[in-house]
Amino acid sequence: MHHAQHTIPVSGGDTLWAEDTGGDGPPVVLLHPGVGDSRIWDHVVERLVPDHRVIRYDVRGYGRSPSPTGPYSLLPDLVAVLDHFGLDRAALVGCSMGGGAALTLAVEAPERVRSLVLLCPAVGGFPWSEDTEYDDLIHASDVAGLTEYGLRESARAGADPVVVELMRSAAKSWINESVYEQEDPPVFDRLGEITAPSVLLVGDLDDPEIIECDEAIAERVPGCRLVRLPGVDHLPSLRVPDLVAETIRTHCAA
């Protein structure tokens, strides 16, 4: 099947790379984590295509999207993608950073979110601890150091060449991100407003603070189902693509 590539204009003259598998199935939008780009969904997309129209995109500066040239935030860019594809409502599947964007939209514009599948999401407004090591590496523009840091924190189930390449590519984008990305509204204290049916998956090898955040999210989002993934780190779509695809299929059916 031909997957159409799109260039989506966003604020400030920047653009996003996106892909649309087309088809008549219910639309699902995949939102990648900060420790990779939309390639992280490769094995999930192929499993969803028979039943769903699958859309994925790269955040500014990640993967196939050009680096940002001015201020931006994740939420308006997500809305621009939905608008570009004519989606008034869609199922959102968000991992980590992408899960945060999905949760923000589900609070700020609930009418646009049909359902939520959250993989180890991070969310604005959670009391994250300071991370001086990361800040120092960003300040030094140390891509190699950032890559090592990302692998240590997020790839605790092991780092094959695919994981290393995704992390190295992501680490380059973190430096520009630190200059241009603005924070979206912190929605942690408003998660009780979410109306979309939600399921949250988190691995027991993930960062303990992510696990703590995710338990709190699952508690606050009404009716959210919490699924624990033994032996899985911060990269569930790479570690257990069958389980992730099956969860999306059952949860995001029309």
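Which residues lie nearest the centre of the largest pocket? They are Met 97, Ala 122, Trp 128, Tyr 134 and Glu 177, picked out of a lining of 40 residues. Keep in mind that you're looking at a predicted model.

**The largest pocket**

Let's stay with that pocket for a moment. It holds about 1600 Å³ of space. Helix 3, helix 4, helix 5, helix 6 (161–180) and helix 7 (208–220) each chip in at least two residues of its lining. As for chemistry, the lining splits into 16 nonpolar, 13 polar and 11 charged residues.

**The largest cavity**

Now for the cavities. The count comes to one cavity of 30 Å³ or more, and the largest cavity has about 70 Å³ of space in it. To find it in the structure, look for Leu 31, His 32, Tyr 57, Val 59, Leu 74, Asp 77, Met 97, Gly 98 and Ala 101, which line it. Two helices, helix 2 (74–84) and helix 3 (97–108), each bring at least two residues to this lining. Helix 3 gives the most, with three residues.

Here are the two spaces, set out together:

| Space | Volume | Nonpolar lining residues | Polar lining residues | Charged lining residues |
|---|---|---|---|---|
| Largest pocket | about 1600 Å³ | 16 | 13 | 11 |
| Largest cavity | about 70 Å³ | six | two | one |

**Helix 2 meets helix 3**

How do the two helices that help line the cavity sit against each other? The axes of helix 2 and helix 3 come within 9 Å and cross at roughly 80°. Angles of 65 to 115 degrees count as roughly perpendicular, so that's what helix 2 is to helix 3. On the helix 2 side, the contact uses Leu 74, Leu 75, Leu 78, Val 79 and Leu 82. Helix 3 answers with Met 97, Ala 101, Ala 102, Thr 104, Leu 105 and Glu 108. Sort these contact residues and you get nine nonpolar, one polar and one charged.

**Helix 4 meets helix 5**

Next up are helix 4 (residues 132–139) and helix 5 (residues 143–154), whose axes also come within 9 Å but cross at roughly 155°. Anything over 145 degrees counts as roughly antiparallel, so helix 4 and helix 5 fit that description. Their crossing is left-handed. Helix 4 makes the contact with Glu 133, Tyr 134, Leu 137 and Ile 138, while helix 5 uses Gly 145, Leu 146, Tyr 149 and Arg 152. This set divides into five nonpolar, one polar and two charged residues.

Methods:
Residues numbered from 1 in each chain as written. Predicted model: local features only at pLDDT ≥ 70, side-chain atom pairs only at ≥ 80, totals over all residues. Heavy atoms only, no water. Axes fitted to C-alpha atoms, helices over the stretch in contact; angles between N-to-C directions. Helix = DSSP H or I, 4+ residues; strand = E, 2+ residues; numbered from the N terminus. Parallel < 35°, antiparallel > 145°, perpendicular 65-115°, else oblique. Left-handed = near helix turned anticlockwise from the far one by under 90°. Contact = heavy atoms within 4.5 Å. Nonpolar A, V, L, I, M, F, W, Y, C, P; charged D, E, K, R; others polar. 1 Å grid on protein atoms, 1.4 Å probe; cavity = no way out; pocket = protein on both sides within 12 Å on 5 of 7 lines; lining within 4 Å. Points joined across faces, edges and corners; volume = space filled by probe spheres on them.
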